[in-house]
Structure formats: structure tokens, C-alpha cells
Amino acid sequence: MSTRRTNPDKLPSRILSFFADNPDEELTYADIAAKFEVSQELARRTVRDLMDGRAKSLLESVHIVRLKAKGRA
């Protein structure tokens with residue numbers, strides 16, 4: 001049996017470390033993309049992979065539906 005080693009410099013570890021250090025924070029995919037300087041697609045894919053794997057019991061992704069005009073000036 002092999003033990004999987006994680007690289008703290010990789011995006012999945014950086015995301016998990018952020019939430020471990022900031023348990024009350026909530027980030028959108030756009031927030032993750034900006035914070036870690038990656039595309040929104042990579043942020044989305046990485047979070048989905050984490051939720052399917054080692055962070056299955058730690059992370060959840062909640063989608064919000066709202067009127068397009070809400071929040072716009």
C-alpha cells in the first residue's frame with residue numbers, strides 16, 4: 001500500500017489550507033480564481049475533484065440562482 005503525499009504548493013493543498021486557516025470563509029469560484037491566480041474553470045475543476053476525493057466530507061459547493069439584475073447598478 002502506498003501513501004499519497006501532497007504537495008503544499010499545488011492548488012488543491014492551497015485551497016484546503018485556506019479553509020483550514022479560515023473556517024468561516026465562503027468563496028465563489030471567481031474568488032478562488034482571483035485568490036490563487038488561476039482560471040475559474042481550473043478553480044471549479046479542482047474543487048470538484050477535491051469533493052470527489054480527499055475533501056469529500058470537508059467541502060461543499062452551493063450554487064445560487066438569482067435575477068440577473070440583482071447586484072448590478
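A residue counts as buried here when its relative accessible area is under 20%. Keep that cut-off in mind, because it decides which residues belong to the inside of this predicted model. In helix α2, which spans residues 29-36, four residues make the cut: Tyr29, Ile32, Ala33 and Phe36. Around the helix axis they cover an arc of only 100°, so they sit on the same side of α2. The spacing makes sense if you recall the basic geometry: an α-helix has 3.6 residues a turn, so residues three or four places apart point the same way. And what does that buried set pack against? The partners are α1 (11-21) and α3 (40-52).

Let's step back for the overall layout. The protein chain has three helices and zero strands, and from the N terminus on the order is simply α-α-α. Of its 73 residues, 22% count as buried. The accessible surface comes to about 6400 Å², with 48% of that belonging to carbon and sulfur atoms. As for how the chain folds back on itself, take the contacts between residues at least 6 apart in sequence: 40% of them join residues at least 24 apart.

Now for the helix pairs. Two packed helices are described by the angle between their axes and the distance between the axes. For α2 and α3, the angle is about 110° and the axes are 8 Å apart. An angle from 65 to 115 degrees counts as roughly perpendicular, and α2 and α3 are therefore roughly perpendicular to each other. Who does the touching? On the α2 side you'll find Tyr29, Ala30, Ile32 and Ala33, and they meet Gln40, Ala43, Arg44 and Val47 in α3.

The α1 and α3 pair packs at an angle of about 75°, with axes 10 Å apart. So α1 and α3 are roughly perpendicular to each other too. Here Leu11, Pro12, Ile15 and Leu16 of α1 meet Leu42, Thr46, Val47 and Leu50 of α3. Val47 turns up in the contacts with α2 and again in those with α1.

Which residues of α1 are buried? They are Leu11, Ser13, Ile15, Leu16 and Phe18, and this set packs against α2 and α3.

Tyr29 deserves a closer look. This residue lies in helix α2 and is buried because its relative accessible area is 14%. Leaving out residues up to four places away in sequence, Tyr29 touches Gln40, Ala43, Arg44, Val47, Ser61 and His63. Gln40, Ala43, Arg44 and Val47 belong to α3. If you want a distance to check in your viewer, try Tyr29 and Glu41: they are twelve residues apart in sequence, and 8.1 Å apart in space from C-alpha to C-alpha.

Next, the aromatic rings. Two rings pair if their centres lie within 6.5 Å, and by this rule there are two aromatic pairs. Phe18 and Phe19 have ring centres 5.3 Å apart and planes at 80°, so that pair is edge-to-face. The other pair is Phe18 and Phe36, with centres 6.4 Å apart and planes at 85°, so it is edge-to-face as well. Phe18 lies in helix α1 and Phe36 in helix α2, so this pair ties together parts that are 18 residues apart in sequence. Both partners are inside by the cut-off: Phe18 is buried with a relative accessible area of 13%, and Phe36 is buried with 10%. Phe18, Phe19 and Phe36 together form one aromatic cluster.

Finally, look at the residue just after α2. Most residues other than glycine have a negative phi. Glu37 takes a positive phi of about 55°, and this residue is not a glycine. Where does Glu37 sit along the chain? Its place is in the loop between α2 and α3. Is Glu37 buried or exposed? With a relative accessible area of 75%, Glu37 is exposed. That puts an exposed loop residue, Glu37, just after a helix whose Phe36 is buried.

Terms used: Residues numbered from 1 in each chain as written. Predicted model: local features only at pLDDT ≥ 70, side-chain atom pairs only at ≥ 80, totals over all residues. Heavy atoms only, no water. Buried < 20%, exposed > 50% of the residue type's maximum accessible area, 1.4 Å probe, protein only. Helix = DSSP H or I, 4+ residues; strand = E, 2+ residues; numbered from the N terminus. Arc of directions from axis to C-beta. Contact = heavy atoms within 4.5 Å. Phe/Tyr/Trp six-rings, centres within 6.5 Å; stacked < 30°, edge-to-face > 60°. Areas by Shrake-Rupley, 256 points an atom, 1.4 Å probe, with all protein chains shown as cover. Axes fitted to C-alpha atoms, helices over the stretch in contact; angles between N-to-C directions. Parallel < 35°, antiparallel > 145°, perpendicular 65-115°, else oblique.
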